[in-house]
Amino acid sequence: MTTQTQSLMAMKKSQNTYADDLIEKLSEYLTFRTYPARSRFTFSGHNKQRCYLFRSGQISGFYKETRIQIDRINTPWIAGVAFPDQELLELMFVAETECEVATLTQDEVMALIQKTDSWQLYAGFLQVLSTKLLIHMSQVAAPDTFSMVCNQLLELINEPDAIRTSIKVEEYVRSRTQLSRSGVFKVLSRLKEVNAIVIEKGMLVAVNELPDKMP
């Protein structure tokens with residue numbers, strides 16, 4: 001794994017202190033509800049202009065139409081503040097665990113940011129969001145199947161143990177890309193042969209050192 005890849009992974013997985021501080025600053029004006037795992041948060045219909053402020057729990061972002069997973073996000077996190085028409089993005093968030101969430105409209109959130117003079121925190125959050133999106137696009141737009149699989153292996157090995165040991169590596173890679181099953185298995189088989197990765201019962205156990213190209 002290159003130094004650049006290590007840096008990008010660290011940036012993507014880093015805790016979002018801007019979201020944490022912003023939610024904390026707005027908290028006296030917010031009402032949080034507890035939602036169970038598998039709850040869905042969408043941006044269509046009457047939820048078109050919604051913002052969701054996740055104070056605790058873990059969530060995943062998906063493309064609504066294809067159900068391809070974008071990322072798994074540790075809260076605190078804010079969804080729905082970056083774009084004027086969230087429905088056009090066709091995104092949704094799903095609670096992986098029980099979550100505490102405050103729901104407001106975009107206008108209400110912006111009014112609270114102005115009231116509490118939280119523009120610097122808001123700008124910092126948008127910068128973090130932009131960085132995560134750019135890293136995600138660079139991963140899924142990799143030039144070949146091998147690079148795309150390696151990117152997802154690095155994502156998976158950094159997941160919490162409870163998640164990493166509950167999903168087969170091939171399923172994880174395909175849920176986050178549009179790669180074929182045969183293409184994914186071919187790359188995984190070659191990486192196992194050169195001991196770049198360790199897989200047991202279909203689960204990823206370790207990533208040793210990924211080569212720069214298909215061995």
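# How the labels on this model are earned

User: What makes up the open sheet here, and in what order?

Analyst: In this predicted model, 4 strands build an open sheet in the order 2-7-4-5, with antiparallel pairing.

User: Why are strand 2 and strand 5 called edge strands?

Analyst: Strand 2 (40–42) and strand 5 (69–74) each pair on one side only, so they are the edge strands. As for the twist, neighbouring strands of this sheet are turned by 20 degrees against each other on average, direction ignored.

User: How do you know that strand 2 and strand 7 pair?

Analyst: Pairing takes at least two bridges between two strands. Strand 2 and strand 7 (residues 91–95) have 3 bridges, in the antiparallel sense, so they count as paired. One of the partnerships to look for is Arg40 with Val94 in strand 7.

User: What makes strand 9 and strand 10 a pair?

Analyst: Again the cut-off is at least two bridges, and strand 9 (residues 197–200) is joined to strand 10 (residues 203–207) by 4 bridges, the two running antiparallel. Among the partners are Glu200 and, in strand 10, Met203. The two strands form a hairpin with 2 residues between them.

User: Why is Lys201 called exposed?

Analyst: Exposed means over 50% relative accessible area. Lys201 has 81%, so the label fits. You'll find Lys201 in the loop between strand 9 and strand 10.

User: What is notable about the phi of Lys201?

Analyst: It's near 55 degrees, a positive value in a residue other than glycine. Most residues other than glycine have a negative phi.

User: How do you know that Arg38 is exposed?

Analyst: The relative accessible area of Arg38 is 69%, and the cut-off for exposed is over 50%, so Arg38 qualifies. Arg38 sits in the loop between strand 1 (33–35) and strand 2, and its phi is positive too, near 80 degrees.

User: What makes the bond between Thr75 and Pro76 stand out?

Analyst: That peptide bond is cis, with omega at about 5 degrees. Most peptide bonds are trans. Pro76 lies in the loop between strand 5 and strand 6 (77–79).

User: How many helices and strands does the protein have, and why is it called as compact as a globular protein of its length?

Analyst: There are 8 helices and 10 strands. The radius of gyration is 19 Å, close to the 17 Å that the globule rule gives for 215 residues, so the protein is as compact as a globular protein of that length. Its C-alpha trace spans about 60 × 30 × 30 Å along the principal axes.

User: What share of the residues counts as buried?

Analyst: Buried means under 20% relative accessible area, and 44% of the 215 residues count as buried.

How values were computed:
Residues are numbered from 1 along each chain as its sequence is written. This is a predicted model: local features need pLDDT of at least 70, side-chain atom pairs count only at pLDDT 80 or more; totals for chains, interfaces and linings use all residues. Side-chain values use heavy atoms; hydrogens and water are left out. Axes are lines fitted to C-alpha atoms, for helices over the stretch in contact, and angles run from 0 to 180 degrees between N-to-C directions. The radius of gyration is taken over C-alpha atoms; the globule rule is 2.2 Å times the number of residues to the power 0.38. Buried means under 20% relative accessible area, exposed over 50%, partly exposed in between (1.4 Å probe, protein chains only).
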